[in-house]
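Welcome! Below are a few short exercises, each with a worked solution. Keep the structure open beside you and try each task before reading on.

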Amino acid sequence: MYDIIGDVHGHATALESLLRHLGYRYNRGAFRFPGNRRQVIFLGDFIDRGPKIVETLTIVQAMLDGGSASAVIGNHEYNALIWHTPDGKGGWLRTHTDVHLKQHRATLEQFGLDPNDPADTKGVLDGGSLTTVGARRLREELSWLRRLPLYLENDVLRVVHAAWSDAAVSALEETVRGTVRFEPRFSLLDDTFLYRSAYGKYRESWAVEILLKGIEIGLPGGAHYRDKEGASRFRTRVRWWIDPATLVAKPMVTMADVAMPPADRELATLPVAQRYLERFPGYRDQRPVFFGHYWFLPPAAPVESRAACLDYSIARDGWLCAYRYDGEPVLTREGFTAVDAAGRVVQ
Ligand SMILES: [Mn+2]
């Protein structure tokens, strides 16, 4: 069966320890489960923040190429791809602002590139000539990451980095009709798709935002808050996995019931508009869904009987978390295991 592993963010020491704890051993160039009886599924966000990004990519890549793991792409890999891809008008699909640069800094530096020198990273994905080993290595990694699908599903489970959305998945499937299950039916390999995903007016962008960054709803009556970069935000991410039936049963649903991260005091008492409640997504499929992305805090447990977040904030003194899945219809706390940044088993 499957061992699903959450956001690694450059914590290769924790990853190696977690893999060994799960029973994987280094053999023929990659970590593998003895007899190939189990496989890892990674939930994306391998890069940025942590101290060993190159090593993390090496471990993950060897497992995927060696057939002992699959993976979906995370918003950090996606952002790196569009940061390095020219927009055809002299700029980039992701603007090179200071705020964005901050997110890319650790990865650039660990590949030996100077984040403040545009000449150092130019050419990584625009076909220009590369002057350093680091730039060449980063180009290879990004080209490889581009093959990762936006979501995966098979007969017993579904995985996505941030949010499973039937609407987003069917919007994408209308443009690519695949028949093979558990194959990367949708990846960013296609140039047109990658380009359209970066511009808000296209539905590819709408779908990618949901799958990789989560589902948002508007705050009522022009209410807003300031995010950690100081920008005014009029929308908030929600715990899309909540069963809508439990919301409908409440006399009044407030932001405290649905916001993710949890609404602060000012927003907590605001009511959620009826139009959002009526189409609150929830998760209805019989197959469990696994996702990462949301910076949960230990200890680890399922969020619903068929939904589990495996991001327990390894990059913020938290845990790297896995779920040992054997096809059970209801997920349990016992399915989780985790290590800290030093690789110690903590759950
Ligand atoms: Mn993420």
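Which residues does L130 touch, not counting residues up to four places away in sequence?

Before solving this, two notes on the model. Residues are numbered from 1 along each chain as its sequence is written. This is a predicted model, in which local features need pLDDT of at least 70 and side-chain atom pairs count only at pLDDT 80 or more, while totals for chains, interfaces and linings use all residues.

**Exercise 1: L130 and its surroundings**

Solution.
- Step 1: Find L130 in the loop between α5 (118-121) and α6. Helices (H or I, at least four residues) and strands (E, at least two) are DSSP runs, numbered from the N terminus.
- Step 2: List the partners of L130, which are G123, A135, R136 and R139. Two residues are in contact if their C-beta atoms, placed from the backbone, lie within 7 Å.
- Step 3: Judge the burial of L130, which counts as partly exposed because it has 17 C-beta neighbours inside 10 Å. A residue is buried if 20 or more other C-beta atoms lie within 10 Å of its own, exposed if 12 or fewer, and partly exposed in between.
- Step 4: Go from L130 to Q61, 69 residues apart in sequence, and you cover 23 Å from C-alpha to C-alpha.

**Exercise 2: L142**

Task: Find the helix that holds L142, and the residues that L142 contacts beyond four places in sequence.

Solution.
- Step 1: Look in helix α6, residues 133-145, for L142.
- Step 2: Count its C-beta neighbours inside 10 Å; there are 19, so L142 is partly exposed.
- Step 3: Trace the contacts of L142, which are A80, L81, H84, V124 and L125.
- Step 4: Take one of these partners, H84: its C-alpha atom is 9.0 Å from that of L142, with their positions 58 residues apart along the chain.

**Exercise 3: Domains and cores**

Task: Name the domains of the chain, then describe the largest nonpolar core.

Solution.
- Step 1: Read the domain assignment, which gives domain 1 (2-213 + 282-339) and domain 2 (216-280). Such bounds come from an automatic or database domain assignment.
- Step 2: Place the C-alpha centres of domain 1 and domain 2 at 27 Å from each other. Eight residues of domain 1 are in contact with eight of domain 2.
- Step 3: Turn to the largest nonpolar core, with 87 residues; I4, V72, V159, L211, F290, L310 and L320 have the most contacts inside it. Each of the two domains supplies at least three residues to this core. A nonpolar core is a set of buried Ala, Val, Leu, Ile, Met, Phe, Trp, Tyr and Cys residues joined through C-beta atoms within 7 Å.
- Step 4: Zoom in on V159, whose contacts beyond four places in sequence are I4, I41, L43, V72, Y151, L152 and F290.
- Step 5: Add the second, separate core of seven residues, including L108, F111, L113 and L125.

**Exercise 4: Helix pairs**

Task: At what angle do α7 and α9 pack, and at what angle do α1 and α2 pack?

Solution.
- Step 1: Set helix α7 (residues 166-173) against helix α9 (residues 203-213); the angle is about 140° and the axes are 9 Å apart. Therefore α7 is oblique to α9. Axes are lines fitted to C-alpha atoms, for helices over the stretch in contact, and angles run from 0 to 180 degrees between N-to-C directions. Angles under 35 degrees count as roughly parallel, over 145 as roughly antiparallel, 65 to 115 as roughly perpendicular and the rest as oblique.
- Step 2: See who makes this contact: A168, A171 and L172 from α7, with R203, A207, I210 and L211 from α9.
- Step 3: Move to helix α1 (residues 12-21) and α2, which pack at about 30° with axes 8 Å apart. This makes α1 roughly parallel to α2. Here A12, L15 and E16 of α1 meet E55, T56 and I59 of α2.

**Exercise 5: Backbone details**

Task: Which residues does a cis peptide bond join, and where is D45?

Solution.
- Step 1: Find the cis bond between P298 and P299, where omega is about 0°. P299 sits in the loop between β12 (289-291) and β13 (307-309).
- Step 2: Locate D45 in the loop between β4 (39-42) and α2 (53-65). D45 is not a glycine, yet its phi is positive, about 60°. D45 counts as buried because 27 C-beta neighbours lie inside 10 Å.
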